[in-house]
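Could you open the model in your viewer and keep the selection panel at hand? We will walk through it stop by stop.

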Amino acid sequence: MDFEKLIEQFALNVAAQTEAIFRGDARTGNKHARKYGAAVDTLLAHGNEGRDALLVLLKHERMDVRVMAAAHLLRYRTAEAKAVLEEAAKGKGLVPFGAQQALKRWEEGTWALDPG
C-alpha cells in the first residue's frame, strides 16, 4: 500500500475543498470531500499503520489539512490531535469553526470519524 500517495491525495483534496467552499462552489467542494474521504477510509482500513501515516499531516503547512487530519486522529492520538484543533480553534473563519466543532463533538461523545 502506498501510504504516501494516499496522504498526498488527502491533503490535496482537503485544500481543494476549502478553496471551492471559499468560492461558493459546493459541487466541486463535495467532489473533493469524497476524494479525501476515500483516501482516509483506505488509510484507516489499514489500522494503526494507516493512522500513523496520517500523523505527518498534523504538521502540514495548511491549517485546513492539519485540522482535518487531527479530526480523524482524535481517538488514536488524542493529545496531539486535540492540541492541533485547540490551536486552530482560536482563530476566526471556516477552518477554526471546523476545529471548534470537532472538539465539541469529541467532548459530547458524539464524534465518530474513526470508531476503531
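What share of the 116 residues of the chain counts as buried? The share is 42%, where buried means under 20% relative accessible area, exposed over 50%, and partly exposed in between (1.4 Å probe, protein chains only). Before we go on, a word on the ground rules: this is a predicted model, in which local features need pLDDT of at least 70 and side-chain atom pairs count only at pLDDT 80 or more, while totals for chains, interfaces and linings use all residues. Residues are numbered from 1 along each chain as its sequence is written, and side-chain values use heavy atoms, with hydrogens and water left out.

**The whole chain**

Start with a cartoon view. The chain has 6 helices and 0 strands, with helices and strands taken as DSSP runs (H or I, at least four residues; E, at least two) numbered from the N terminus. The radius of gyration is 13 Å, close to the 13 Å that the globule rule gives for 116 residues, so the chain is as compact as a globular protein of that length. That radius is taken over C-alpha atoms, and the rule is 2.2 Å times the number of residues to the power 0.38. Along its principal axes, the C-alpha trace spans about 35 × 30 × 25 Å.

Now switch on a surface. About 6,600 Å² is exposed, and carbon and sulfur atoms supply 52% of it; the areas come from the Shrake-Rupley method with a 1.4 Å probe, and for residues only the protein chains shown count as cover.

**Asp114 and its two arginines**

Select Asp114, Arg51 and Arg75 next. Arg51 and Asp114 form a salt bridge, with their closest N and O atoms 2.5 Å apart; the term asks for a side-chain nitrogen of Lys or Arg within 4 Å of a carboxyl oxygen of Asp or Glu. Arg51 sits in helix H3 (residues 47–54) and Asp114 in the segment after helix H6 (94–108), so the pair ties together parts that are 63 residues apart in sequence. Both residues of this pair are buried.

Asp114 also meets the side chain of Arg75 in a salt bridge (3.3 Å, N to O). Arg75 is in the loop between helix H4 (63–73) and helix H5 (78–89), 39 residues from Asp114. How accessible is each partner? Asp114 has a relative accessible area of 3%, whereas Arg75, at 33%, counts as partly exposed.

**His72, next to Asp114 in the contact list**

Keep Asp114 visible and add His72, which is found in helix H4. His72 is buried, with a relative accessible area of 7%. Leaving aside neighbours within four places in sequence, His72 is in contact (heavy atoms within 4.5 Å) with Phe10, Val40, Leu54, Trp111, Leu113 and Asp114.

**Out to the surface**

Select Lys90 and Glu87, whose side chains meet in a salt bridge (3.1 Å, N to O). Lys90 is exposed at 64%, and Glu87 is exposed at 51%.

Then pick Glu19, Arg62 and Asp64, which are linked in a network of salt bridges. The structure holds 10 salt bridges.

For a last stop, try Phe22 in helix H1 (residues 3–23). Is Phe22 buried or exposed? Phe22 is exposed, with a relative accessible area of 59%. Draw a C-alpha to C-alpha distance from Phe22 to Arg34: these residues are 12 apart in sequence and 18 Å apart in space.
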